[in-house]
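Please open the structure in your viewer and keep the selection panel at hand. The tour goes from one selection to the next, and at each stop it says what is there.

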Amino acid sequence: MSSAGNMISFAFVIFSALCHQVFGEVVTGSVALNSGVFDKIIQKHKAVLVKFDETYPYGTKQNVFKEVAKASVVQSDLLVAEVQVADYGDKDNIDLAERFGVTKADFPAYRLFLNGKNTDPIKFTANVESADDIKNFVIRESGLWLGRPGCLEEFDNLVKEFFAAAEDKRSEVVQKAEKAAEKLTVDSEKASAETYIKTLKKVLEKGKDFVKSEVTRVEKLRSGKVSDKKKEQLGDRLNILTTFQLNVKDEL
């Protein structure tokens, strides 16, 4: 074979490998849905987050989806799914997109289906390039827990209990948190628990406005010149504060 032929053959092999990698990609924690199984799947789950998108999506927005899907693995009541919509050929799944008012200009578009209902999903309207925004949307609307770095499920639930309690009962929730912290043996979990407890006490002392001011303060610190380790610690603190933010909004 000539050198030109070898080059063409080599290019074809590389192209084929790339096609396989992109087109045959499996997203951990996500399932692909189509018109034939959509309703069957939706009706069997407490919460289903569906992303409507183009065929073979890639880039930053798809990487965000992968992060969300991976995070969903810890929550058995949540299914993350993807509907790839084609506007050519057989126009696969175009009927699903039209059914839920999704157009090509909206891609990627997220809809959250709750309690097995395949109608009237909740529309995600925040930043599709932020995995945190998408996860917080799911947490807020479904009430399900999704693991975020630094967060502890038991303490997230205690924060929810704290804001649901009458003001004269909230100190009792803080005491429950302190007792729960005493049982922890992992250093990272102890550190997270301490952040929860300190924040609960500050809210008791200063009111819910403390949460907003603390988020601003920590974000400013994190955007400054700090070590990677410190930035990670501040990121964990922000994740915990997000739990407080979500519950403050629910209280309003």
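The stops below begin with the sheet, go on to the helices, and end with a few single residues in loops.

**The sheet**

Keep in mind throughout that this is a predicted model. Begin by selecting the strands: 5 of them form an open sheet with mixed pairing, and their order across the sheet is 1-3-2-4-5. The edges are strand 1 (30-32) and strand 5 (122-123), each of which pairs on one side only.

Next select strand 2, residues 47-54, together with strand 3 (78-85). These two strands run parallel and are joined by 8 bridges, and one pair to display is Val50 with its bridge partner Ala81 in strand 3. On the other pairing, strand 2 runs antiparallel to strand 4 (residues 109-114), with 6 bridges between them. Here you can show Val48 opposite Phe113, and Leu49 with its bridge partner Leu112 in strand 4.

Stay on Leu112, whose bridge partner in strand 5 is Ile122; strand 4 and strand 5 run antiparallel and share 2 bridges. If you now colour by accessibility, strand 2 has 7 of its 8 residues buried, so it is largely enclosed by the rest of the structure. Strand 4 is likewise largely enclosed, because 5 of its 6 residues are buried.

**Helices on the sheet**

Select helix 3, residues 60-71, which lies across strand 1, strand 2, strand 3 and strand 4 and runs at about 155 degrees to strand 3. Add helix 5 (residues 131-142), which packs on the sheet and touches strand 2, strand 3, strand 4 and strand 5, its direction making about 25 degrees with that of strand 4.

Returning to helix 3, a distance drawn from its first C-alpha to its last comes to 17 Å over 12 residues, close to the 16 Å expected at 1.5 Å a residue. Which residues of helix 3 are buried? They are Gln62, Val64, Phe65, Val68, Ala69 and Ala71, and what covers the buried residues of this helix includes strand 1, strand 2, strand 3, strand 4 and helix 5.

**Helix 6 and its two neighbours in this tour**

Now select helix 6 (residues 153-164) and helix 7 (residues 170-182). Their axes come within 9 Å and cross at roughly 170 degrees, and the two helices are therefore roughly antiparallel to each other. To see the contact, show the side chains of Glu154, Phe155, Leu158, Glu161, Phe162 and Phe163 in helix 6, and those of Arg170, Val173, Val174, Lys176, Ala177, Ala180 and Ala181 in helix 7. By class, the residues of this contact of helix 6 with helix 7 are 9 nonpolar, no polar and 4 charged.

Keep helix 6 selected and replace helix 7 with helix 8, residues 187-206. The axes of helix 6 and helix 8 are 11 Å apart and make an angle of about 10 degrees, which means that helix 6 is roughly parallel to helix 8. In this contact Phe155, Asp156, Val159, Phe162 and Phe163 of helix 6 meet Ala193, Tyr196, Leu200, Val203 and Leu204 of helix 8. The residues of the contact of helix 6 with helix 8 divide into 9 nonpolar, no polar and 1 charged.

**Single residues in loops**

Select Asn93, which is found in the loop between strand 3 and helix 4 (94-99). Is Asn93 buried or exposed? Its relative accessible area is 11%, which is under the 20% cut-off, so Asn93 counts as buried. Leaving aside residues up to four places away in sequence, Asn93 touches Leu33, Asn34, Ser35, Val83, Gln84 and Val85.

The remaining stops concern the backbone, where most residues other than glycine have a negative phi and most peptide bonds are trans. Centre on Pro108, in the loop between helix 4 and strand 4: the peptide bond from Phe107 to Pro108 is cis, with omega near -10 degrees.

Then go to the loop between strand 4 and strand 5, where Asn115 is placed. Asn115 has a positive phi, near 55 degrees, and at 57% relative accessibility it counts as exposed. Asp120, in the loop between strand 4 and strand 5, has a phi near 50 degrees, also a positive value, and with a relative accessible area of 72% Asp120 is exposed.

Technical notes. Residues numbered from 1 in each chain as written. Predicted model: local features only at pLDDT ≥ 70, side-chain atom pairs only at ≥ 80, totals over all residues. Heavy atoms only, no water. Pairing = 2+ DSSP bridges. Helix = DSSP H or I, 4+ residues; strand = E, 2+ residues; numbered from the N terminus. Contact = heavy atoms within 4.5 Å. Axes fitted to C-alpha atoms, helices over the stretch in contact; angles between N-to-C directions. Parallel < 35°, antiparallel > 145°, perpendicular 65-115°, else oblique. Nonpolar A, V, L, I, M, F, W, Y, C, P; charged D, E, K, R; others polar. Buried < 20%, exposed > 50% of the residue type's maximum accessible area, 1.4 Å probe, protein only. Expected span 1.5 Å × (residues − 1).
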